[in-house]
Amino acid sequence: MFARASVGLGYSSFENADGEESLTADGLGIKLHGKLGAYVMPNLALHANMGFVTYSDFREARYGLSMYVDHDFYVLSSVFVGAGATYYVPGWNNVYFSGAFGMTGYRLNCRKYSGNTGLHAFSFDVEAGKDWWVSEHVGLGVSLAFNSHEYWSDDDGVFRSSSVMLLFSVTLN
């Protein structure tokens, strides 16, 4: 069995542009990420992934003119669902590399758009980190993760987001 739960902070950015208007958010973000799977060979685990990212510092632009947006009525987050692999490099003292592909959906509540996009955005997530085993089956770790998502909608324009996060995790074997 392989299971990892992570939480972290970092930089996240989002843009929804449709030609005349755009909504952007770039600043502090929070990421929650979980992986559940199994080792298929020594040092290599295959897993299902689920992640959640929030975005902040909203701005709107109309015909290229940017303006600050009140945070109180804006909600923006993304959910990632996918499959991936984690590889522990032999001889590197529990250093690992992980990657996943999947789909992302956005939740927005603002003047321009309110609702869920559904899981339409193609997504990938890459991560490099290190675990310190505190017992035979439990490890505490730290990693640096990058993810990117993009979705094109004829009605709502292009939804594009990415984040770079410092994650802290608990791993179970």
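Leu172 sits in strand E11, which covers residues 157-172. In this predicted model, Leu172 has 34% relative accessibility, so it counts as partly exposed. Leu172 also belongs to a nonpolar surface patch of about 550 Å², which it makes together with Met1, Leu36, Val134, Leu140 and Val170.

**Salt bridges**

Now for the charged side chains. The count comes to four salt bridges, and here are three pairs with their N to O distances.

| Basic residue | Acidic residue | Closest N to O |
|---|---|---|
| Arg4 | Asp131 | 3.1 Å |
| Lys31 | Asp125 | 2.7 Å |
| Arg160 | Glu150 | 2.9 Å |

Start with Arg4, which forms a salt bridge with Asp131. Arg4 is in strand E1 (residues 2-17) and Asp131 is in strand E9 (residues 121-133), so this pair ties together parts that are 127 residues apart in sequence. Are these two buried or exposed? Arg4 has 2% relative accessibility, so it counts as buried. Asp131 comes out at 0%, and therefore counts as buried as well.

Strand E9 turns up again in the next pair. The side chains of Lys31 and Asp125 meet in a salt bridge at 2.7 Å, N to O. Lys31 belongs to strand E2 (residues 21-41) and Asp125 to strand E9, so here the parts tied together are 94 residues apart in sequence. Lys31 and Asp125 are both buried.

Then there's Glu150 with Arg160, whose side chains meet in a salt bridge at 2.9 Å, N to O. Glu150 lies in strand E10 (residues 138-153) and Arg160 in strand E11, so the parts this pair ties together are 10 residues apart in sequence. How accessible are Glu150 and Arg160? Glu150, at 25% relative accessibility, counts as partly exposed. Arg160, at 35%, counts as partly exposed too.

**Aromatic rings**

On to the rings. A pair of aromatic rings is described by the distance of the centres and the angle of the planes. Searching the whole structure turns up five aromatic pairs. One of them is Tyr88 with Tyr96: the ring centres are 5.5 Å apart and the planes are at 55 degrees, so the pair is tilted. If you're wondering why 55 degrees gets that label, it's because stacked means planes under 30 degrees apart and edge-to-face means over 60, with the rest counted as tilted. Tyr88 and Tyr96 are both buried.

Phe124 and Phe146 make another of these pairs, with ring centres 5.9 Å apart and planes at 55 degrees, so this one is tilted as well. Phe124 is in strand E9 and Phe146 in strand E10, and the pair links distant parts of the chain, 22 residues apart. Phe124 is partly exposed, with a relative accessible area of 28%, and Phe146 is partly exposed at 31%.

Which residue lies over the face of Tyr96? That's Arg4, at 4.0 Å from the ring centre. So Arg4, which counts as buried at 2% relative accessibility, pairs with Asp131 in a salt bridge and also lies over the face of Tyr96.

**Around Gly34**

Arg4 shows up once more next to Gly34, a residue of strand E2. Leaving out residues up to four places away in sequence, Gly34 touches Arg4, Ala48, Asn49 and Met50. Gly34 has 26% relative accessibility and so counts as partly exposed. Gly34 and Val81 are 47 residues apart in sequence, with a C-alpha to C-alpha distance of 9.8 Å in space.

Methods:
Residues are numbered from 1 along each chain as its sequence is written. This is a predicted model: local features need pLDDT of at least 70, side-chain atom pairs count only at pLDDT 80 or more; totals for chains, interfaces and linings use all residues. Side-chain values use heavy atoms; hydrogens and water are left out. Patches are made of residues with over 30% relative accessible area and no salt bridge: like charges are joined within 9 Å, nonpolar side chains (Val, Leu, Ile, Met, Phe, Trp, Tyr) within 5 Å. Accessible areas come from the Shrake-Rupley method with a 1.4 Å probe; for residues, only the protein chains shown count as cover. Helices (H or I, at least four residues) and strands (E, at least two) are DSSP runs, numbered from the N terminus. Buried means under 20% relative accessible area, exposed over 50%, partly exposed in between (1.4 Å probe, protein chains only). Rings of Phe, Tyr and Trp (its six-membered ring) pair if their centres lie within 6.5 Å; planes under 30 degrees apart count as stacked, over 60 as edge-to-face and the rest as tilted. A charge sits over a ring if NZ of Lys or CZ of Arg is within 6 Å of the ring centre and within 35 degrees of the ring normal. Contact means heavy atoms within 4.5 Å.
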